[in-house]
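Here is a set of exercises to work through with the model open beside you. Try each task before you read its solution.

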Amino acid sequence: MAPILCMKGITKRFPGVLANDHIDLEVEEGEIHALLGENGAGKTTLMNILYGLYQLQEGEIYFQGRPIRVSSPHEAISLGIGMVHQHFMLIPVFTVTDNIILGLKSPRGLILDTEQAAQRILELSKQYGLDVDPKAYVWQLSVGLQQRVEIVKALYRGAKLLILDEPTSVLTPQETRELFGILRSLAQQGTSIIFISHKLNEVMAISDRTTVLRDGRVVDTVLTKETTPSQLARMMVGREVILQVERPPAQRGEPALVVENLRALNDKGLPALAGLSLQVHRGEILGIAGVDGNGQSELAEVLTGLRKATSGRILVKGQDLCNRSPATFIRAGVACVPQDRKQTGSIAEFSLAENVILGSHEDPPFARHGVLNWNAITGYANRLIKDFDVRTPSADIKAKSLSGGNLQKLILAREVSRAHDILIAVQPTRGLDVGAIEFVYHRLLRERQRGTAILLISTELDEVLSLSDRIAVIYEGRIVGEMAAEDAVVEEIGLLMAGVTRDSSHTFETMQEQAG
Amino acid sequence: MTRQLFEKRQQPHGTFANILLIFLSILLALIVGAGLIAMAGVGPIEAYRALFYGAFGRVYGLVDTLVKGTPLLLAGLGLAIAFKASVWNVGAEGQIYMGALAAVWVGLNVSGVPTWIHLPLALLAGAIGGGLWALIPGLLKAYLKVNEVIVSLMLNYIAILFVSWLVHGPMEEPGGFMPQTPRVAKTAQLPLLFPPTRLHAGVLVALGATLLVYFMLFHTSLGYRIRAVGANPKAARFGGIEVERSIVLVMFLSGTLAGLAGANEVLGIHYRLLDGISPGYGFTAMVVALLGKLHPLGVVAASYLFASLTVGADMMQKIVHVPIALSRVIQGLVVLCVLGTDILLMYDFVPLRRSRQEPAGESVGEET
């Protein structure tokens, strides 16, 4: 088989980020090729370049043997490249047929020929087992069916290569299995498919070959049947060890944070936490390892009162705070460095001084009887800026003008400088340079020496390995394994991250059986 | 490649540039307006002289500007608070009417108390009347996620027509011919500051409210919460701020100030409730709040600027026969120019900056 697509040396820079760094990718005709990587690894950027949404800065693209330059999605479609986005581009009040022919020229000039189009849609639907009713209104369809409408839309426009961006993130397991059946049928009849995902078991179940991306570079392209989930996991998360952390022995105290059988839903209403339990003691760091999207963000949100749990208990120093307000958690001594420092951790339009009192803006000495004491606030802000080495001309500038590393230091400073016994740090070093990472590590360890109970949630396996006293692995909303740091074996963690537990059979194999 | 004239700045320009730009924008609006006046067959300079004379040139005009600007200021302050919290209260007009109603009710039905009790009580009633009316969209938004724009807008008509029904029926002056209530007690009236001019103590109430709102927004933890919720509700929630409660509170405060504007009109000018006590102050106040950049001091400037344009337009019509409609056009131009040139604060004018970097061209002013 000849490659239908060949991307060579693709490079794309955004201000401050090298999103794609000389990426090579080859897709054979009739192949299902998985593009695997963490969020931010560069998968979506690469596909947006191929689909004409971004312009590449270096590199070449060959499609069906000819060099191409895609400057718009319109051009991509006319070449035979189709894309199904994570968020569907359908108009709910239109029928399936209307949605599919939207933007196409009618063969009969000004007169729409929906009958003929509907006929063709029905044929396509039958040919690939899509089961799409051309007369149905989109709002009547389930999410899974809407996705199929998107697939038909691409096929109707003559797609030879179909890009699916995280297609299963919105699907139930049943719908996922059906989608996999459709993808196989498409591939068998000659359509090539690029399947973007960060879920290992799905990649194992559906793809012929897998290309793993990390930090904008290709780690490797492997034949899926010759690899294992743990090998893939290792490739995805294995950031080179850039820092050797000196970790003094832990002074482990009583448990400060106890989570029991916690359940919660994600934003799409699907289960994100499925009976999760853990314990963090004073003076230790419990690291949560896992592939992104296995409930880490939801866990942090439930543990700070930002998300409602459907059941379970959260004992903070013995008191159940489950489903209490964020203010209650703050007052109980739970500090948190959130995953999203710009959206959640800080207020861009506020000055640094205003940002450092977020959460203690009602408390003395910053406020007395509801009146702010600006002298105290500015003095405090200046102290934190100095102690945490935040590079800024003054405490009066707005938070939005700080670099990521400096903003993270400011948030860390705020959280550990108020009374607290528990610190939850979510992806505390994502996107930071080495210097800032080292600073954050140093501060987290200092917190540990002070006797704080620290829950470190990170998808950087090496970060978890080098900082934690105990390591717990999260998979599909549950802790599937826990071990002391000195007993940790990377291969075993890799397997657990991939959902393979010692006592259960390989999840991806069951999936393969059900789908095939 | 074409040479770029403007380049995006890392940090927007500071306060001084901001204020300078506002003045230049107003000037720009007046220049464009001059063109329109000329097209209407009148000499622009002559017309503007009449406008200026009308608004500031005589005691009567000056007083009128202050009297007309006061309700705009009060309602504008309330809207500035709401908009700062990203709560889109467009119901100030209705809140003005409900405030006026409550104030008049106290003015009519409480008697035998001295002014220093009766007047504050009537003002307070007006504030609470407006505040309670604003609570309806506030509560619906906070706890049922109902769009506050639609609810507060619709409540305007309900309030206006409700007041109209009252003055035509239940509250109509016995034996009177006009659809209006009896006069409120002398003790509930805002005293005149310089009789016989119409200037009443309401202007002092409004200026006092300005200082209070300024202090509240920037020097209290309540103001901090309001600004945090407006700037980033997600981070505010993370920081322990109860976003829903803040929204309700903000709506109430916003309505309170609009209600005070209503009380100001009935206790300071008409001394009674009647149809059409507000010629759309609640809507103009939205423009005033935006024009004042949601800053209390900016709202003061914007409200009296707008009032002066309205008052001056009368004189412009009388002396040089420029249609009043044109003055509305000029008001619109002012808003358009001030808000439209805002984007310039985010950019550097490249030729200017280049020369600034050279040692000889240190003085920026020379370059223009």
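The exercises below concern a predicted model and go from a sheet and its helices to a hairpin, a helix pair and the contact between chains.

**Exercise 1. Find the strand order of the open six-stranded sheet in chain A, and explain which strands stand at its edges.**

Solution. Start with the order, which reads β6-β7-β8-β3-β9-β10 in chain A, with mixed pairing. Next, look at the two ends: β6 (81-84) and β10 (217-223) of chain A each have a single partner strand, so one side of each has no neighbour in the sheet. Then check the twist: on average, neighbouring strands here are turned by 20° against each other, direction ignored. Finally, take one pair from the middle of your list. β3 (residues 32-36) and β8 (residues 192-197) of chain A run parallel and are joined by five bridges. Within this pair, L36(A) has S197(A) as its bridge partner.

**Exercise 2. Work out which strands helices α6 and α8 of chain A touch or lie across.**

Solution. Take α6 (residues 173-188) to begin with: α6(A) packs on the sheet and touches β3, β7 (161-165) and β8 of chain A. The direction of α6(A) makes about 145° with that of β8(A). Now turn to α8 (residues 229-237) of chain A, which lies across β3, β9 (209-214) and β10 of chain A. Its angle to β9(A) is about 30°.

**Exercise 3. Test whether the length of α6(A) agrees with its 16 residues, then list residues of α6(A) that are buried.**

Solution. At 1.5 Å a residue, the expected span of α6(A) is 22 Å. The end C-alpha atoms of α6(A) lie 23 Å apart, which agrees. For burial, the cut-off is 20 or more other C-beta atoms within 10 Å. Buried residues of α6(A) include T176(A), L179(A), F180(A) and L183(A), and also the charged E178(A). After the helix comes G190(A), with a positive phi near 105°.

**Exercise 4. Describe the hairpin of β11(A) and β12(A), and decide whether S277(A) is buried, partly exposed or exposed.**

Solution. First, the pairing: β11 (residues 255-265) and β12 of chain A run antiparallel, with eight bridges between them. One facing pair is R263(A) and A274(A). Five residues separate the two strands, and in the turn G269(A) has a positive phi of about 85°. Next, locate S277(A) in β12 (residues 271-281) of chain A. S277(A) has 15 other C-beta atoms within 10 Å, so it is partly exposed. Beyond its neighbours within four places in sequence, S277(A) is in contact with V259(A), E260(A), N261(A) and I479(A). As a last step, link back to the previous exercise: S277(A) and L179(A) are 98 residues apart in sequence and 33 Å apart in space, C-alpha to C-alpha.

**Exercise 5. Determine how the axes of α2(B) and α3(B) cross, and which residues make the contact.**

Solution. The axes of α2 (residues 44-57) and α3 (residues 59-84) of chain B come within 5 Å and cross at roughly 75°. Angles of 65 to 115 degrees count as roughly perpendicular, and α2(B) and α3(B) are therefore roughly perpendicular to each other. From α2(B), the contact uses G54(B), A55(B), F56(B) and G57(B), while α3(B) supplies G61(B), L62(B) and T65(B). By class, these are three nonpolar, four polar and no charged residues.

**Exercise 6. Characterise the side of chain A that touches chain B.**

Solution. Count the residues to begin: 24 of chain A are in contact with 17 of chain B. Then sort by element: α10 (326-331) and β18 (371-372) of chain A each supply at least two residues, and the largest share, three residues, comes from α10(A). Last, sort by class, which gives 12 nonpolar, 10 polar and two charged residues.

Terms used. Residues numbered from 1 in each chain as written. Chains lettered and ligands numbered in written order. Predicted model: local features only at pLDDT ≥ 70, side-chain atom pairs only at ≥ 80, totals over all residues. Contact = placed C-beta atoms within 7 Å. Helix = DSSP H or I, 4+ residues; strand = E, 2+ residues; numbered from the N terminus. Pairing = 2+ DSSP bridges. Axes fitted to C-alpha atoms, helices over the stretch in contact; angles between N-to-C directions. Expected span 1.5 Å × (residues − 1). Buried ≥ 20, exposed ≤ 12 C-beta atoms within 10 Å, placed from the backbone. Parallel < 35°, antiparallel > 145°, perpendicular 65-115°, else oblique.
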